[in-house]
Amino acid sequence: SDKKSNARDTHDRLHKQARENDSATKYEPCEQHAHLPHRRPHFSPAPRGLAPLPPALRHATTSRLEYHMFAGIFPEIHRAWMTVDNVLYLWDYNSDNGAGFYQYDGLDQTIIQVSLSPCRAGVFSSEAQPDYLLLLSTPVEVVILAVYATGPPIARTALLDIHETHFSMPSDGVNFIRIVSSPAGRIFMSGSDGFLYELLYGHVDGWLSTYRSCVKRNRSRKRDRAFHFVASALYECSDPIMTLELDVERNILYSLSAASTVTAYDLGAAGDQLRWVASLDARSLLHRLRHEWSGGRGAT
């Protein structure tokens, strides 16, 4: 059929492009009259080419028969990161010799998510104010590390110092799959239980002294939490939130669950609020499209 032949042509074209030289690979230019979603962008090689993995990281991945690994990039500090079980590795992806390599092994549990966040104002003293916060999520806890960038003003990320802040929060059996932060330092986490959480950290005045506080708050709607509490007693109904995306320009937070449910939250004009706006799931969308299509078909 035409659908199968088109799928086969797409597979052959992508397979051909993947076998070409990486330094010269570019998507083919598309016709001018093609629709915008079908126009293929041009990819140009990096100015310094491809940087190999640091030797210590290659050794860590080849010396184990079985391990859990996650990876990502922090463009803000020009660092790539990778976790191998409970160890975090950071290195400068612009360096050919693995400069700026850093290893953190202060945790006992497997690291499942790593995120970089701006620091909230007023939490640390002006002399000890970190440039960024590094959040490590494990099945047991979420740990916050302080990142200090030193070096010339033009290359502030030439050298990184990472220290423990003693801010940590128990996960209470919830795996936090995704962590995003606002420019003001608000930290939102998506849980494997299908709820949206916010991480709050700072100092609290007690009766005799000031102590550190690091807690999570469930920011999902109360009706959703009540429905989950009732339904979970009968059958497994969790819908993990797999992705969080923050629209900084409009202060809108979007979440996408494993069952293809998209939810939008409004953070307010100043970014200091959180209000549920709307949710749209794939089943409801399909039902609405079928209804509209059948209604339009019947009208004709």
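This passage walks through the fold, two open sheets, one pocket and a few individual residues of a predicted model.

The model is a prediction, so some cut-offs apply: local features need pLDDT of at least 70 and side-chain atom pairs count only at pLDDT 80 or more, whereas totals for chains, interfaces and linings use all residues. Residues are numbered from 1 along each chain as its sequence is written, and side-chain values rest on heavy atoms, with hydrogens and water left out.

In outline, the protein has four helices and 16 strands, where helices (H or I, at least four residues) and strands (E, at least two) are DSSP runs numbered from the N terminus. Of its 300 residues, 33% count as buried; here buried means under 20% relative accessible area, exposed over 50%, and partly exposed in between, with a 1.4 Å probe and protein chains only. Among contacts (heavy atoms within 4.5 Å) with a separation of 6 or more, 40% come from residues 24 or more positions apart.

A convenient place to begin is the hairpin of β1 and β2. These strands pair in the antiparallel sense over six bridges, pairing being assigned if DSSP finds at least two bridges between two strands. I73 has A80 in β2 as its bridge partner. F74 lies in strand β1, which covers residues 69-74, and F74 counts as buried because its relative accessibility is 6%. Leaving aside residues up to four places away in sequence, F74 touches R79, W81, L90, Y93, V114, S115, L116 and L134. One of these contacts, S115, is 41 residues from F74 along the chain, and the C-alpha atoms of the two are separated by 8.4 Å.

The backbone of the same hairpin also deserves a look. Four residues sit between its strands, and H78 takes a positive phi near 55 degrees there. Most residues other than glycine have a negative phi. H78 is not a glycine; this residue lies in the loop between β1 and β2 (79-84) and counts as partly exposed because its relative accessibility is 32%. A second histidine, H166, has a positive phi of about 65 degrees. H166 is found within strand β8, residues 159-170, and its relative accessibility of 60% is why H166 counts as exposed.

Next comes the pocket. The second largest pocket holds about 440 Å³ of space. On a 1 Å grid over the protein atoms alone, a pocket is an open set of points with protein on both sides within 12 Å along at least five of seven lines, the probe being 1.4 Å, and lining residues have an atom within 4 Å of a point. Grid points are joined across faces, edges and corners, and the volume is the space filled by probe spheres set on the points. The lining consists of 24 residues, with E76, S115, L116, R178 and I179 lying nearest the centre of the pocket. Strands β1, β5 (113-117) and β9 (176-181) each supply at least two residues of this lining. By type, the lining residues divide into 17 nonpolar, five polar and two charged, where Ala, Val, Leu, Ile, Met, Phe, Trp, Tyr, Cys and Pro count as nonpolar, Asp, Glu, Lys and Arg as charged, and the others, Gly among them, as polar.

Strand β9 leads on to an open sheet of four strands, ordered β9-β10-β11-β12 with antiparallel pairing. Its edge strands are β9 and β12 (210-218), each of which pairs on one side only. Neighbouring strands in this sheet are turned by 25 degrees against each other on average, direction ignored; the axes are lines fitted to C-alpha atoms, and angles run from 0 to 180 degrees between N-to-C directions. Within the sheet, four bridges join antiparallel strands β10 (residues 187-191) and β11 (residues 196-205), and I187 has L199 in β11 as its bridge partner.

Another open sheet, also of four strands, follows the order β13-β14-β15-β16 with antiparallel pairing. β13 (241-247) and β16 (275-281) form its edges, each pairing on one side only. Its neighbouring strands are turned by 15 degrees against each other on average, direction ignored. Six bridges join the antiparallel strands β13 and β14, where T243 has L256 in β14 as its bridge partner. Their hairpin has four residues between the strands, and N251 takes a positive phi near 55 degrees. Strands β14 (residues 252-257) and β15 (residues 261-266) pair in the antiparallel sense over five bridges, and I252 stands opposite D266 in β15.
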